[in-house]
Amino acid sequence: MAIASDRSIEAATRRIGEEIFHRAHACAPSIASIEYWQQFGMNWLTRDEDLKRRLFEFIAVLPSANGARHVAAELERKLTEGHRPLTSLPPPVLLAAMMCRPGSPLRGLVGATVRRASLTMAQQFICGATVEQAIDGVRRLRRQGMAFTLDVLGEAVHDDAVALTLQKRYIELIDRLSAVAPTWQRDRNLDEAPFGPLPRVNLSIKLTAIVNAMDPSQGERGVEAVLNRLRPILRRAQERGAFVNIDTEHHAIKNMTFEVFRRVLTEPEFRDWPDCGIVVQAYLRDARRDLMGLVDFARHRGTPIWVRLVKGAYWDSEIAEAHRLGVRPPVFTQKRLSDTSFETITRMMLEHVDVIRPAFASHNVRSIAHAMALERALDLPPRTVEFQMLTGMGNPLKRALVDMGQRLRVYAPFGDFVAGMAYLIRRLIENTANESFLRQSFERDADHAALLASPGSAEELDEPDAPPWPSKTIVQHPELAGVSG
């Protein structure tokens, strides 16, 4: 396997990154499009960190609001509570707050309008509430040259009846999608890889959604409870030729998730099944060890596995929990180190493509370009690498990768708005953070050279952080802390 020098890989990363930026800007939505104004409105409302916090706390309680007037009352409470003077609010927000006051004849109208606007916003990140809407959504993605992975919204379930319902929903989804997938037009870019054909139906599962209160302290009994719920889903996927990816969630259940994955895939009925994968979270300090453990596992198993590499979506809650316990956070506390970890593990995955099928989930142009440069430097066939992105985020970037002939898969959750609240809040936090790569990338004065600069060297990943470890404002508010991770 050939490999170029680090200097040539770095130069290639920057060239590819500039091409991606150029294509993405060419694919940007026009000022006359709804997409443009949705993003403009989101950026405008969330430039003020305090206002953003208040709005996100309002969204967190919105599903429990009973009727338009209750929605208006909650909005007024969130906008006016504390010591912030009303006059400091942006004029349109101030006007809305005043119209939400008790006795205002427009209170109900404002509440109904806000609820409708919130649902419209949620639809940016969630591809529908029913199986039929989900099927329509993935058809649209394929027409745009994009593959999909569907996720049924719901996590951290504490009601066994709900968990059982979600398990059955996954099985139903496999059946329904598998019935219509053969009618879809063949797309070589989406349906084939250098190592063989790819399942058209692709699902992602959170284990905390299909069991009641997944708990590592339960030991073998807890692992077996998860296996009992997971096996029927995998069995149906295997029968129907579908793919299943196991999502890795918060750190406390990470080892248990990996144990379930290894156990089920060494059972005789699944040992030779190649269409299953798991997630490695680059922001975890032990991510490199996790990846090499999966490499060793796949070699011992004798059948390759898929690995989706992500940065990680639970940073706020992991930091908050570590602060609460007074321990070192399991995640890197500097974003730069998460990016460095991502690049380091990207290389490790591509150096083991005989047993690891690589998928890189990121909206960071630098991370994407680096993976593409490594694929070429290692002389791997085109489309060995798969890229994955989220519904509702970075649409110009998605279109740019499709134009470049890359295989792109879109993570498309569907289901009930209430069940998806934790997911939605995480997406909003990511999409509006000042340090968000997407937000920085498409500002008018974006410095592409800075955005494409190397985040650092792998050696830095072993250096200890100096306490006190930083925390983000958002996790200090209990209404958000419960739903953001």
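# Notebook: a walk through a predicted model

**Overview.** I started with a count of the secondary structure: 21 helices and ten strands in the protein chain. I noted at the top of the page that this is a predicted model. Next I looked up burial, and 57% of the 485 residues count as buried. For the surface, I found that the chain exposes about 20500 Å², with carbon and sulfur atoms supplying 55% of that. I also checked how the contacts are spread along the sequence. Among contacts between residues at least 6 apart, 78% join residues at least 24 apart.

**The cores.** Which residues touch the most other members of the largest nonpolar core? I found Ile20, Leu150 and Leu177, out of 103 residues in that core. I then picked Leu177 and listed its contacts, leaving aside neighbours within four places in sequence. They are Ile135, Val138, Phe148, Leu150, Trp184, Val201 and Leu203. Another core lies apart from the largest one and has 27 residues, among them Ile59, Val71, Val114 and Met393. Two of those names come back in later entries.

**Helix α3.** Ile59 took me to helix α3, where it is one of the buried residues. The helix covers residues 49–61, and I wanted to see whether its length makes sense. At 1.5 Å a residue, its 13 residues should span 18 Å, and the end C-alpha atoms are 19 Å apart, which agrees. Is α3 enclosed or open? Eleven of its 13 residues are buried, so the helix is largely enclosed by the rest of the structure. I was pleased to see charged names in the buried list beside the nonpolar ones: it includes Lys52, Arg53, Arg54 and Glu57 as well as Leu51, Leu55, Phe56 and Phe58.

**Helix α14.** I moved on to α14, residues 315–325, and wrote down its buried residues: Trp315, Asp316, Ser317, Glu318, Ile319 and Ala322. Gly326 follows this helix, and its phi is positive, near 70 degrees.

**Positive phi without glycine.** That sent me looking for residues other than glycine with a positive phi. Ala156 has one, at about 50 degrees. I located Ala156 in the loop between β1 (147–152) and α8 (160–180). Its relative accessible area is 43%, so I entered Ala156 as partly exposed. Asp379 also has a positive phi, near 60 degrees. This residue sits in the loop between α16 and β9 (386–390). At 62% relative accessible area, Asp379 is exposed.

**Between β8 and α16.** I spent some time on the loop that leads into α16, beginning with Ser362, which lies between β8 (356–361) and that helix. Ser362 counts as buried because its relative accessibility is 7%, under the 20% cut-off. What does its side chain reach? I found the backbone nitrogen of Asn364, at 2.9 Å. Not counting residues up to four places away in sequence, Ser362 touches Lys311, Phe342, Ser367, Ile368, Gln388 and Met389.

His363 is in the loop between β8 and α16 too. With a relative accessible area of 13%, His363 is buried. I looked for its polar partners and found two backbone atoms. The His363 side chain reaches the backbone nitrogen of Leu390 at 3.2 Å. A polar atom of that side chain also lies 3.4 Å from the backbone oxygen of Met393, and Met393 is the residue I had listed in the core of 27. One more distance went into the book: the C-alpha atoms of His363 and Lys398 are separated by 8.7 Å, though these residues are 35 apart along the chain.

**Arg366.** My next stop was helix α16, residues 365–377, which holds Arg366. Is Arg366 buried or exposed? Its relative accessible area is 4%, so I entered Arg366 as buried. I then asked which backbone oxygen lies 2.8 Å from a polar atom of the Arg366 side chain. The oxygen belongs to Leu452.

**Cysteines.** Last, I looked for disulfides, and the count comes to zero. I checked two cysteines for burial while I was there. Cys100 counts as buried at 0% relative accessibility, and Cys127 counts as buried at 15%.

Notes. Residues numbered from 1 in each chain as written. Predicted model: local features only at pLDDT ≥ 70, side-chain atom pairs only at ≥ 80, totals over all residues. Heavy atoms only, no water. Helix = DSSP H or I, 4+ residues; strand = E, 2+ residues; numbered from the N terminus. Buried < 20%, exposed > 50% of the residue type's maximum accessible area, 1.4 Å probe, protein only. Polar contact = N/O pair within 3.5 Å; in protein donor to acceptor, adjacent residues only side chain to side chain. Core = buried A, V, L, I, M, F, W, Y, C linked by side-chain atoms within 4.5 Å. Contact = heavy atoms within 4.5 Å. Expected span 1.5 Å × (residues − 1). Disulfide = S-S within 2.5 Å. Areas by Shrake-Rupley, 256 points an atom, 1.4 Å probe, with all protein chains shown as cover.
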